[in-house]
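Got the viewer open? Here is a short walk through the model, one selection at a time.

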Amino acid sequence: MNTLLLPPPPLHIRLPPHHFSPPPQFLRHRQYFLLSAASQQLNIKTINEDEQDQYDVASLPNPNYDFTPLLTFLSTNYNPSEPSQPDPPSRLDPAELRLAESYGAVPAPLWHSLIKNLSSTPASFSTAYSLVTWLQRHNLCFSYELLYSILIHALGRNEQLYEAFLLSQRQSLTPLTYNALIGACARNGDLEKALNLMERMRRDGYQSDFVNYSLVIQSLMRNNIVDVAILEKLYGEIEADRIELDGQLSNDMIAGFAKAGDIDRALYFLGVMQGSGLSPKTSTVVSVVNELGILGRVEEAEAVFEELKEGGLKPRTRAYNALLKGYVKVGALKDAEYVVSEMEKSGVLPDEHTYSLLIDAYGNAGRWESARIVLKEMEANDVKPNSYVFSRILASYRDRGEWQRSFQVLKEMKNCGVVPDRQFYNVMMDTFGKYNCLDHMISTFRRMKAEGIEPDTVTWNTLIDCHCKQGRFGKSEELFEEMRESGCVPCTTTYNIMINALGVQERWEEVRELLGKMQSEGLLPNVVTYTTLVDIYGKSGRFNDAIECLEAMKSVGLKPSSTMYNALINAYAQRGLSEQAVNAFRVMRGDGLKPSILAMNSLVNAFGEDRRDSEAFAVLQYMKDNDLKPDVVTYTTLMKALIRVEKYEKVPAVFEEMLLSGCAPDRKARAMLRSALRYMKSTLKL
């Protein structure tokens, strides 16, 4: 591979002594030059005029070759695919021979630049291809792999991936052409082909480079399909090939793991990068701070943010917003206010997102007047509130149960001259749906359509889901059909909602038909789909079907979630099948999933229903030994288990332990205690 990647021989060896500067190293297809379109005279300049490269082709002294005759010949008289033209030719047209002789001294970098310029637009791509075959025909420019990689790269940039693969078949795949194809696939979002090419490249004995890995990770993030498993696989290959992480790949690794939700891995690579003396990009640090904030790990987010400033990088608005978002999530209002204050002191102007986050913070704290002051401040700073800001205000009221405030928010919105958009109406419908105000929700839907705003999948899913939760299955099916007739294509979430609705009604044949329809439309079942199936099958006692779904999920490479196992354990528990519940728990632990409070409570319930109170208390001890704090449901379920086996005298002790542990008893817990005391009192009277 290394011999193929060597730079072309120095010009003074291949050409008469013109005292040229050393040419650039063309190791890959990743150096970009533009040919001035002002004339056919070769006048080359770099894409970024601010960066002066000492090896820039434009700096080479040259006789300003006029390529007009050659380009005219190639576009009118030359057919690169004509079978009668052998390679190399046995005889030449005199005119073609004169052209070949006249361009015999053109340096290779100038040919490269001409080909890049011609291939940059679809209109002249055929001429670029003709030029490559013509140069190969006359042995005028070496490293033909590089010439073909330039063409493949150009096709990829013009979203002509199929044509790029066809062109690659005209030559044996070399590291250069592999790199060009992988880059084209990554830029066009075809990750499967890119990863397959990288695997094939390894099988052919070639080592991929760090640029390919960067392009693949960037494509994963750009298409929102970044996954921890894929990133770990890529890093495993990098380590196996002993590829040193450069600055760009390190940044991509950190941002990729952060976006995939594995913040600890992202922090590890951030430490490795800093330990190597490399400085992360501001955008990389922002992605880490943002993910830490989402997880509520605000102390760590603040530490990383401070490192950003200490490293000499000046935080901009996005960086401050990432930290602000974390404080808003954990309800640290004073810290949120401090961040905005620091922004202003540092001369960084808040944007719409900053103000919307601050309004979120005030809304969550119930300080509506403060939120109104922020709106006024936005106007004073020439930052006009948009519909998103008001949708966040509305969402904060929804989450606090104050759905009646929706009309007040809408009125305030109109007073500010802001027109509601689709997102605002979606939040408004969700607010009404959560509080069973289906009439208001339908009215909002009609109003939205009357204003010319087309519903999207979120709109339809909200409508369908809310009707399903209210048991209005007929209406939900009507809305599903209306959605399809409107031209809005149902997504996986839509099908998951409908599958759950049919499962609740135990319409199993229609569940299978809907699954088939979903897959026929190119939508693959996801983790939520399988969790829904396990839940509805389990609740109906169809445990074999539930287990089949679990196995099918694993067979397609999806990892079962804790929620899925919780659903299965709970289904067994409801029927008193404690042994099966324990087996499901063991399988969950075997899959590396940490047991949740919900799963443990389901196990307690399973043993209680099976009249095995000793095992139920053993689960309580297991929770204590594994730092799982029992909640009010745990203790209430234990009291229920004791009542079931008529051990009423032990119930008060459990209630007392609940109080001592800091759990506030709810209405059901008190009812359990009263029931036990009442029975004990009646026994004493006897």
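Start by selecting Phe-269: this residue is buried, with a relative accessible area of 3%. Keep in mind as you go that the model is predicted. Now add Tyr-268, which counts as partly exposed because its relative accessibility is 42%. Show both side chains: the ring centres of Tyr-268 and Phe-269 are 5.2 Å apart and the planes stand at 75°, so this is an edge-to-face pair. Then bring in Tyr-235 and Phe-257, which join Tyr-268 and Phe-269 in one aromatic cluster.

How many aromatic pairs does the count come to? The total is 16. For another of them, jump to Phe-445 and Trp-460, whose ring centres lie 5.3 Å apart with the planes at 65°, so the pair is edge-to-face. Colour the helices here and you'll see that the pair links distant parts of the chain: Phe-445 belongs to helix H23 (residues 438-450) and Trp-460 to helix H24 (residues 457-469), with the two positions 15 residues apart. Are these two residues buried or exposed? Both Phe-445 and Trp-460 are buried.

Time to zoom out and show the cartoon. You're looking at a protein with 36 helices and two strands. Of its 686 residues, 48% count as buried. Take the contacts with a separation of 6 or more: 62% of them are between residues 24 or more positions apart.

Next, some helix packing. Select helix H12 (residues 247-260) together with helix H14 (residues 282-294); their axes come within 9 Å and cross at roughly 20°. The angle is under 35 degrees, so H12 runs roughly parallel to H14. Turn the view to look through one helix at the other: the crossing of H12 and H14 is left-handed. For the contact itself, show Asn-251, Ile-254, Ala-255 and Ala-258 on the H12 side, and Thr-284, Ser-287, Val-288 and Glu-291 on the H14 side. Colour these by class and the contact of H12 with H14 splits into four nonpolar, three polar and one charged residues.

Move along to helix H16 (residues 317-330) and helix H18, where the axes come within 10 Å and cross at roughly 10°. That angle makes H16 roughly parallel to H18. From H16, pick Thr-317, Asn-321, Leu-324, Lys-325 and Val-328; they meet His-353, Thr-354, Leu-357, Asp-360, Ala-361 and Asn-364 in H18. What does the mix look like in the contact of H16 with H18? Here there are four nonpolar, five polar and two charged residues.

Stay on H18 (residues 352-364) and click Ser-356, which sits in this helix. Ser-356 has a relative accessibility of 1%, so it counts as buried. Which residues does Ser-356 touch, leaving aside neighbours within four places in sequence? Tyr-388, Val-389 and Arg-392 are in contact with Ser-356.

Last stop: Ser-391, in helix H20 (residues 387-399). This serine is buried as well, and the relative accessible area of Ser-391 is 2%. Hide the neighbours within four places in sequence, and the contacts of Ser-391 are Gln-423, Phe-424 and Val-427.

Conventions:
Residues are numbered from 1 along each chain as its sequence is written. This is a predicted model: local features need pLDDT of at least 70, side-chain atom pairs count only at pLDDT 80 or more; totals for chains, interfaces and linings use all residues. Side-chain values use heavy atoms; hydrogens and water are left out. Axes are lines fitted to C-alpha atoms, for helices over the stretch in contact, and angles run from 0 to 180 degrees between N-to-C directions. Helices (H or I, at least four residues) and strands (E, at least two) are DSSP runs, numbered from the N terminus. Angles under 35 degrees count as roughly parallel, over 145 as roughly antiparallel, 65 to 115 as roughly perpendicular and the rest as oblique. A crossing is left-handed if the near helix is turned anticlockwise from the far one by less than a right angle, and right-handed if clockwise. Contact means heavy atoms within 4.5 Å. Ala, Val, Leu, Ile, Met, Phe, Trp, Tyr, Cys and Pro count as nonpolar, Asp, Glu, Lys and Arg as charged, and the others, Gly among them, as polar. Rings of Phe, Tyr and Trp (its six-membered ring) pair if their centres lie within 6.5 Å; planes under 30 degrees apart count as stacked, over 60 as edge-to-face and the rest as tilted. Buried means under 20% relative accessible area, exposed over 50%, partly exposed in between (1.4 Å probe, protein chains only).
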